[in-house]
Amino acid sequence: MLQQTPVVRVIPRLEAWLERWPTPADLAASPPGDAVRAWDNLGYPRRALWLHAAAMQIVERHGGAVPRDVDALLALTGIGDYTARAVAVFSFGDRHPVVDTNTRRVIARAVLGQGQPGPPHGRRDLAAMDALLPDDVAESTVVNAGMMELGAVVCVARTPLCDACPLRDACAWRAAGYPAYDGPTKAIQKAYEGSDRHVRGLIMRELRAAHTPVTDAEIATLWPDQTQRDRALAGLLADGLAVRSPTPDAPGYLLP
DNA sequence: TAAGCGTGGAG
DNA sequence: TCTCCAAGCTT
């Protein structure tokens, strides 16, 4: 849920989610569409599908217990470098480098003296964080958490609170006089308004609200451009976020 | 490797 | 208003 999503928006949804599905087996026993509906407007609904798939994999491969091994975690659908290590570190207390957007920003500033992190680079980012971790396992988990928290609360993207920062006397960026960032720029985010993502979002909102098949006519009311509509719907079908109604008497589209 | 993938809040 | 950005992942 936290992938590319602010913490404050996740918390209430997470609590409701865990009340309904306390274990992976509970989630795996529900249809994937229920997960997509409970996901509601958190964004990137594929994550709900992936989480459901991961729950099924955890039941099949690991007897319903979330694995502790990073490679086993990485093998789960929707679990990447960040999430796998976050689980291994924060749930199991093991020693691995956890690198998220906050960590990358703190390293860029405090260590490299740059105002912003460059584009993410998996191996290099992991190695950079690994070099900062103390050997002691318990201490390493605190450093992992501390780097993330510092980036989330103090060393924030827009207006960092440098005067209140516990690293102010050790920060390379501060020591260099806060030079403007001139390195490689991160990929520009395209406009959402009128994009395919926008149309997909409109269709998904309709599918989540409906408990009977959504017809082509209803989808047609959501967006004027048929070509773009068709492309969005085809994408949702390909992603498994929508399925065709199995009953000929009630044609249309449903959550899986 | 780079593009595609939602949504909403803050400055 | 508009731009940026938010505990990334997959193809």
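This presentation describes a predicted model of protein chain A with DNA strands B and C.

Let me begin with the conventions. In this predicted model, local features need pLDDT of at least 70, side-chain atom pairs count only at pLDDT 80 or more, and totals for chains, interfaces and linings use all residues. Residues are numbered from 1 along each chain as its sequence is written, chains are lettered from A and ligands numbered from 1 in the order in which they are written, and side-chain values use heavy atoms, with hydrogens and water left out.

First, the overall layout. The secondary structure of chain A consists of 13 helices and two strands; helices are DSSP runs of H or I with at least four residues, strands are runs of E with at least two, and both are numbered from the N terminus. Along the principal axes, the C-alpha atoms of chain A fill a box of roughly 70 × 45 × 30 Å. Chain A has 256 residues, of which 38% are buried, where buried means under 20% relative accessible area, exposed over 50% and partly exposed in between, with a 1.4 Å probe and protein chains only. Of the contacts in chain A with a separation of 6 or more, 57% join residues 24 or more positions apart; a contact means heavy atoms within 4.5 Å.

The domain assignment gives domain 1 (7-79), domain 2 (101-175) and domain 3 (196-243), with bounds that come from an automatic or database assignment. Taken over C-alpha atoms, the centres of domain 2 and domain 3 are 41 Å apart.

I turn now to DNA strand B. Which residues come nearest to this strand? Of the 18 residues around DNA strand B, the nearest are Asn 41, Pro 45, Lys 190, Arg 197 and Arg 200; a residue is near a strand if one of its heavy atoms lies within 4 Å of it. Among the atoms of DNA strand B within 4 Å of the protein, sugar and phosphate account for 59%.

Base nitrogens of this strand appear in several polar contacts, that is, pairs of N or O atoms within 3.5 Å; within protein, one atom must be able to donate a hydrogen and the other to accept it, and residues adjacent in sequence count only if both atoms are side-chain atoms. A backbone N or O atom of Gln 4 is 3.3 Å from a base nitrogen of DNA strand B. For Thr 5, a side-chain N or O atom lies 3.2 Å from a base nitrogen of the strand, and for Arg 197 a side-chain N or O atom also lies 3.2 Å from a base nitrogen. The elements giving two or more residues to the surface near DNA strand B are α4 (46-62) and α11 (196-209). The largest share, four residues, comes from α11. By class, this surface has four nonpolar, six polar and eight charged residues. Here Ala, Val, Leu, Ile, Met, Phe, Trp, Tyr, Cys and Pro count as nonpolar, Asp, Glu, Lys and Arg as charged, and the others, Gly among them, as polar.

Next, DNA strand C. This strand is surrounded by 21 residues, the closest being Leu 2, Gly 80, Thr 83, Asp 100 and Arg 158. Of its atoms within 4 Å of the protein, 60% belong to sugar or phosphate and the rest to bases. A polar backbone atom of Gly 80 is 2.8 Å from a phosphate oxygen of DNA strand C, and a backbone N or O atom of Asp 81 is 3.4 Å from a phosphate oxygen. Arg 158 instead places a side-chain N or O atom 2.4 Å from a base oxygen of the strand. The surface near DNA strand C has eight nonpolar, nine polar and four charged residues, and α6 (81-91) and α7 (101-111) each supply at least two of its residues.

Helix α6 also has a buried side. Thr 83, Ala 84, Arg 85, Ala 86, Ala 88 and Val 89 of α6 are buried, and their cover includes α5 (70-74), α8 (122-132) and α9 (137-153). Just after α6, Gly 93 takes a positive phi of about 80°.

Finally, the aromatic residues. Rings of Phe, Tyr and Trp (its six-membered ring) pair if their centres lie within 6.5 Å, with planes under 30 degrees apart counted as stacked, over 60 as edge-to-face and the rest as tilted. By this rule, there are three aromatic pairs. Trp 17 and Trp 39 form an edge-to-face pair, 5.6 Å centre to centre with 85° between the planes. Because Trp 17 lies in helix α1 (residues 7-20) and Trp 39 in helix α3 (residues 32-39), the pair ties together parts that are 22 residues apart in sequence. Trp 17 counts as buried at 6% relative accessibility, and Trp 39 at 1%. Together with Trp 21, they form one aromatic cluster.
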